[in-house]
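User: Please take me through this model by question and answer, with the reasoning for each reply.

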Amino acid sequence: MRSSQQTATVSPFVLLIAACLLACIGEFAVASPSIEVTGLFRNQAVLKVSGADRILKVGQTSPEGVKLISADAHKAVVSYEGKRQTLTLSTRVAGSFTAAEKQRVSIPPDELGQYRVRGTINGQYVNLLVDTGASVVALSSDEAVRLGIDYRRGKKGEIQTAQGTAESHMVILDEVSVAGITAHNVQAAVITGMYPVDILLGMTFLRQVSIEENAGLMTLIQKY
């Protein structure tokens, strides 16, 4: 007796198409964004997520689903789909860690619209105010003493400040570094007294980097 049911056959071509679709769906499902830290601050970080700059405060999540867990001047802890990663400046993660081709740091403006960043001078931590209008790096004599700079051996002169004319000494700083972007033998003016409060990161450093501004965010990029 013959069965009235017939076995359905499926074309090999259809099976091949189905397999390709499943593979593609699986690939999209596991795809994760590339994440790079370009700016670090207390409880805030600037991330480049799949090429887009994102300024996040602790607890905030980017449109791509990357959440900032914690941040300080040295590292940021981020979470994506429940998995945590600890990142330092210019460290990129996309399945594995790889170094960025060029060091870069992105700086958000403060409430006054000024760009402040943590850096080092001769290996010691300092607060810096980015000032494209300053021809040289400028710091107070009080700060120079704290950093162990014998500024009185520098060439004496005068400099115009917001408070008027002040005595200054021109010195050479061995090293100025911001987020891994380092310049050597940087000319600086040491101004007698306690001003400026923040060291002015002037053009003797800034001419050695590329500067980009986008939506209020300033990015310094290593040239060489």
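Analyst: A residue counts as buried under 20% relative accessible area, as exposed over 50%, and as partly exposed in between. Aspartate 110, at 21%, therefore counts as partly exposed. The model is a predicted one.

User: What is the mean pLDDT of the chain?

Analyst: Confidence differs along the chain, and two stretches deserve caution: pLDDT stays under 50 over residues 14-30 and also over residues 95-100. Where pLDDT is low, the predicted coordinates should not be read in detail. For the chain, 80% of the residues reach 70 or more, and the mean pLDDT is 82.

User: How many contacts beyond four places in sequence does the model have for residues 95-100?

Analyst: For residues 14-30, the model has one contact beyond four places in sequence. For residues 95-100, where pLDDT likewise stays under 50, the number of such contacts is twelve.

User: How many strands does the secondary structure of the chain come to?

Analyst: The chain has 224 residues, of which 39% are buried. Its exposed area is about 13,400 Å², with carbon and sulfur atoms supplying 52%. The secondary structure comprises three helices and, as to strands, 18.

User: Is threonine 38 buried or exposed?

Analyst: Threonine 38 belongs to strand β1, residues 35-41. Leaving aside neighbours within four places in sequence, its contacts are Val46, Lys48, Leu89, Arg104, Val105 and Ser106. Because its relative accessible area is 0%, and the limit for this class is under 20%, threonine 38 is buried.

User: Which strands stand at the edges of the open sheet of three strands?

Analyst: The sheet has the order β9-β18-β17, with antiparallel pairing. Each edge strand has a single partner, so one side of it is left without a neighbour in the sheet; these strands are β9 and β17.

User: In β18, which residue is the bridge partner of serine 106?

Analyst: Strands β9 and β18 run antiparallel and are joined by four bridges. Strand β18 covers residues 217-222. Within it, the bridge partner of serine 106 is threonine 219.

User: What distance separates the C-alpha atoms of glutamine 103 and leucine 220?

Analyst: Glutamine 103 is in the loop between β8 and β9, and its relative accessible area of 22% makes it partly exposed. Leucine 220 is 117 residues away along the chain, yet the two C-alpha atoms are separated by 8.5 Å.

User: In the hairpin of β10 and β11, which residue takes a positive phi?

Analyst: Six bridges join the antiparallel strands β10 (116-121) and β11 (124-130), and one of the bridge pairs is isoleucine 121 with glutamine 124. Two residues lie between the strands of this hairpin, and the positive phi, near 50°, belongs to asparagine 122.

User: In β16, what is the bridge partner of valine 130?

Analyst: Strand β11 pairs with β16 over three bridges, in the parallel sense. In β16, the partner of valine 130 is leucine 201.

User: Is asparagine 185 buried or exposed?

Analyst: Asparagine 185 is in strand β15 and has a positive phi of about 55° although it is not a glycine. Alanine 179, in the loop between β14 and β15, also has a positive phi, near 50°, but at 18% relative accessibility it counts as buried. With a relative accessible area of 58%, asparagine 185 is exposed.

User: How far apart in sequence are the parts tied together by glutamate 64 and arginine 54?

Analyst: Side chains of opposite charge can pair when their charged atoms come close. Glutamate 64 and arginine 54 meet in a salt bridge at 2.6 Å, N to O. Glutamate 64 is in the loop between β3 and β4 and arginine 54 is in β3, so the separation in sequence of the parts they tie together is ten residues.

User: Which residues are linked in a network of salt bridges?

Analyst: The whole structure has seven salt bridges. In one of them, the closest N and O atoms of arginine 116 and aspartate 110 are 2.9 Å apart. Arginine 116 is partly exposed at 31% relative accessibility. The residues linked in the network are Asp110, Arg116 and Asp198.

Methods. Residues are numbered from 1 along each chain as its sequence is written. Side-chain values use heavy atoms; hydrogens and water are left out. Buried means under 20% relative accessible area, exposed over 50%, partly exposed in between (1.4 Å probe, protein chains only). Contact means heavy atoms within 4.5 Å. pLDDT is the predictor's confidence in each residue, from 0 to 100. Accessible areas come from the Shrake-Rupley method with a 1.4 Å probe; for residues, only the protein chains shown count as cover. Two strands pair if DSSP finds at least two bridges between them. A salt bridge is a side-chain nitrogen of Lys or Arg within 4 Å of a carboxyl oxygen of Asp or Glu.
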